[in-house]
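Work through the exercises below with the sequence and the model open. Try each task before reading its solution.

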Amino acid sequence: MNIDNENKQILQMRNVSKIYKGKGSLFRSSGKDVIALNRISLDIYKGEIFGLVGESGSGKTTAGRLIVSLEETTSGRIFLDSREVTALKGRELKAFRRKVQMIFQDPYQSLNPQRSVYDTVSEPLKIHRMGKASDRKDRVREALKAVGLSPPDDFLFRYPHRLSGGQRQRVAIARAMVLNPEFVIADEPTSMLDASISAQIFNILLTMRNRLGVTQMFITHSLAAARYLCDRIAVIYRGNLMELGPAEEVIKNPKHPYTQALIDAVPKFGHSKDARRYGTLLSKDHEVREDKGCIFYPRCAVADHNTCPRREPGLSQIGIDHWVACFRQGSKESGLTPFTYGLAEGR
Amino acid sequence: MPLLEVDNISIGYHTRNGYLKAVEGVSFVLEEGQSLGLVGESGCGKTTIGMALMGLLPPNGSVSTGRILLEGKNILVMSDEEKRRIRWRKMAMIFQAAMNALNPVQRVGNQIAEAILVHNPSLEKEAALSQVEGLFDLVGIPRERLTDYPHQYSGGMKQRAVIAMALACHPKVIIADEPTTALDVIVQDQILEEVRALQREFNIGIIFISHDISIVADMCHEIGVMYAGQLVEFGPWRTVFESPAHPYTKALLSSFPTLTGKKSDLVPIPGETPNLINPPAGCRFCDRCPEAQAFCKTTPSQWVDIGSGHKALCCRS
């Protein structure tokens, strides 16, 4: 791990929420609001690979899109290198877009079928006016080599239809890397790919970090992939941060009942019946009368029926860099404290 | 007599670029109440086998050689009428994309009742609907959701409805083609648990098709690993995963991240799968194989019996 001891934050999210307003339709005046992210606060340190793990609809992709400012936050603030992302305009915004890159889930959709590999990978250089036209081909070659598309000249003038899924995703990574970004968000980059090809992509992401020190946020539904790639992981459930800590620690020693339920559900190369389980998931949901308790309460088998349905648990620290949002962990008092780690609010 | 025997089957597709040999020389046997996993990456032919078993190959695809024996009868030589009778009643399929397997403009309960009625024309509609209620209980969908449309169901519930439909005519064999691929891990776990329980209760033989070796390891008694249209390794699940014999199985296992055990480096498999219009003369994996010898390129690989039902299609195992 290349994290230096200062644990310098490159990215900070402070109480970030995203609410999608319910749309009215022809027959209904207004729909229900969807809380995609609910007051998420976290830090990402320079040089680490940070995993954001959650199921579909958990808000993990929304978080990525907010960070690269493809969407606007409803409330809360996001800082990159201590500058507020949402306040960036003009030249600063352009510089930000050079420093932060995103790799999308589906390489069959994220590449323009009418553009050759060279067009696709060199376009960011043109937009940001980097290098002379004559140098660009060399930079593109370098980027292709770095993602294992070699010899690069074999690929420069191919179109996406002549590339396999794994090769396409590598082109997408090359496009992100050609600008030498500081921070890359990879949103489920392997969910469309076979296992043997996924492993290639994982290893490219690891090399990017180990050789070039590129900080990454890896968005995934797979705890096993997160374990392999990430230094720290955050588990989110329906827009709420449930647990945060060193990857190996969270997986070996999960503290949140939801994380435990996730780990229970992962197939473990053996007939599941033999495996020891945490058993924190209810087979039938609890009824909820009020809408203000822990988001996991309705499905939680170990809930406290007095506290959990009535109050929202904050993150509390339970180990070195290990945080959990659950009243059943640590002291109840600490569960009441709002988010406290990292930098102070409102800087 | 085994429940289902696939004997040296080859399947091909006529394509614009030539005849594509999607499956070649695959044989296996499924016994009652057992599950057999077919695992492999995209394009290895696993779904083609499932479709051939159901007689649902697309018009450009056909079985060129081999036999499929269901309770001793070769279904490949049956008339369409005979095939129609065994489909769903003896052998049913759970499809890959549950969201597309249901008719969006018909209530879920009615759809399943209709499937029952087609195969039992003497039955009253009310009787069929009450059977559907029973099926919903089995797969864990509340009865009041019988009159909902598919779009009102969550992904997991649609998958349960598709399983209910597969069970509707009490089949002896179910072919489950990636039944949980689109689902979240918690829902996947619940559905797989359901499938296991139903299998035990009705003594169904299941062919479980998946690209995910961890699911197959959890679900199946026996595993067949497929690569480029061929079965390359076959055996009891524990043996195949604990002492894999074929270099492809070994490579597949070491490219797969796991939650348990030591965190070791993932080793991707270099290269690409061969073109199946002109497959290589020798072993199909030899270009990507770390253990390949000169003769692997030229000699077709042979089955090697390793013992206790474990075998591999590799001269070096």
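The exercises that follow treat a predicted model.

**Exercise 1. Find the order of the strands in the open sheet of 4 strands in chain A, and name the edge strands.**

Step 1. The order is 2-1-4-5, and the pairing is antiparallel.
Step 2. Look at the ends of that order. Strand 2 (34–45) and strand 5 (83–84) of chain A are the edges, and each has a single partner strand. One side of each is therefore left without a neighbour in the sheet.
Step 3. Now take one pair. Strand 1 (residues 9–20) and strand 2 of chain A pair in the antiparallel sense over 8 bridges.
Step 4. Check the register with a residue pair. Ile19(A) stands opposite Ile35(A), which is in strand 2 of chain A.

**Exercise 2. Examine the backbone at Arg39(A), Glu178(B) and Asn203(B). What is the sign of phi, and where does each residue lie?**

Step 1. Arg39(A) is not a glycine, yet its phi is positive, near 45 degrees. The residue lies in strand 2 of chain A.
Step 2. Count the neighbours of Arg39(A). There are 19 other C-beta atoms within 10 Å, so Arg39(A) is partly exposed. The cut-off for buried is 20 or more.
Step 3. Glu178(B) also has a positive phi, about 45 degrees, and is not a glycine. It sits in the loop between strand 7 (173–177) and helix 7 of chain B.
Step 4. Glu178(B) has 19 C-beta neighbours inside 10 Å, so it counts as partly exposed.
Step 5. Asn203(B) follows helix 7 of chain B, and its phi is positive, near 55 degrees.

**Exercise 3. Locate the cis peptide bond that joins Ser150(A) to its partner. Which residue is the partner, and which loop holds it?**

Step 1. The partner is Pro151(A), and omega is about 0 degrees.
Step 2. Pro151(A) is in the loop between helix 4 (133–146) and helix 5 (165–177) of chain A.

**Exercise 4. Test the length of helix 7 of chain B, then find what covers its buried residues.**

Step 1. The helix has 18 residues. At 1.5 Å a residue it should span 26 Å.
Step 2. Its end C-alpha atoms are 26 Å apart, which agrees.
Step 3. List the buried residues of helix 7 of chain B. They are Val185(B), Val187(B), Gln188(B), Asp189(B), Gln190(B), Ile191(B), Leu192(B) and Val195(B).
Step 4. Look at the cover. It includes helix 6 (155–167), strand 7 and helix 8 of chain B, together with helix 9 (257–265) of chain A.

**Exercise 5. Describe the side of chain B that touches chain A. How many residues of each chain are in contact?**

Step 1. The contact takes 27 residues of chain B and 29 residues of chain A.
Step 2. Helix 7 (185–202), helix 8 (213–219) and helix 10 (247–254) of chain B each supply at least two residues of this side of chain B.
Step 3. Sort that side by class. It has 14 nonpolar, 7 polar and 6 charged residues.

**Exercise 6. Decide how compact chain B is.**

Step 1. Chain B has 11 helices and 12 strands.
Step 2. The radius of gyration of chain B is 20 Å, close to the 20 Å that the globule rule gives for 317 residues. Chain B is therefore as compact as a globular protein of that length.
Step 3. Along the principal axes, the C-alpha atoms of chain B fill a box of roughly 65 × 50 × 40 Å.
Step 4. Of the 317 residues of chain B, 46% count as buried.
Step 5. Consider the contacts in chain B with a separation of 6 or more. Residues 24 or more positions apart account for 64% of them.

**Exercise 7. Divide each chain into domains and describe the contact between them.**

Step 1. For chain B, the assignment gives domain 1 (4–220) and domain 2 (238–317). Their C-alpha centres are 28 Å apart.
Step 2. The contact takes 9 residues from domain 1 of chain B and 8 residues from domain 2 of chain B.
Step 3. On the domain 1 side in chain B, strand 2 (18–30) and helix 8 each supply at least two residues. The largest share, 5 residues, comes from strand 2 of chain B.
Step 4. For chain A, the assignment gives domain 1 (9–23 + 31–252) and domain 2 (253–268 + 275–347). Their C-alpha centres lie 28 Å apart.
Step 5. In chain A, 20 residues of domain 1 are in contact with 22 residues of domain 2.
Step 6. On the domain 1 side in chain A, the largest share, 7 residues, comes from strand 10. By class, this side has 10 nonpolar, 4 polar and 6 charged residues.

Methods:
Residues are numbered from 1 along each chain as its sequence is written. Chains are lettered from A and ligands numbered from 1 in the order in which they are written. This is a predicted model: local features need pLDDT of at least 70, side-chain atom pairs count only at pLDDT 80 or more; totals for chains, interfaces and linings use all residues. Two strands pair if DSSP finds at least two bridges between them. Two residues are in contact if their C-beta atoms, placed from the backbone, lie within 7 Å. Ala, Val, Leu, Ile, Met, Phe, Trp, Tyr, Cys and Pro count as nonpolar, Asp, Glu, Lys and Arg as charged, and the others, Gly among them, as polar. The radius of gyration is taken over C-alpha atoms; the globule rule is 2.2 Å times the number of residues to the power 0.38. A residue is buried if 20 or more other C-beta atoms lie within 10 Å of its own, exposed if 12 or fewer, and partly exposed in between; C-beta atoms are placed from the backbone. Domain bounds come from an automatic or database domain assignment. The expected span of a helix is 1.5 Å times one less than its number of residues.
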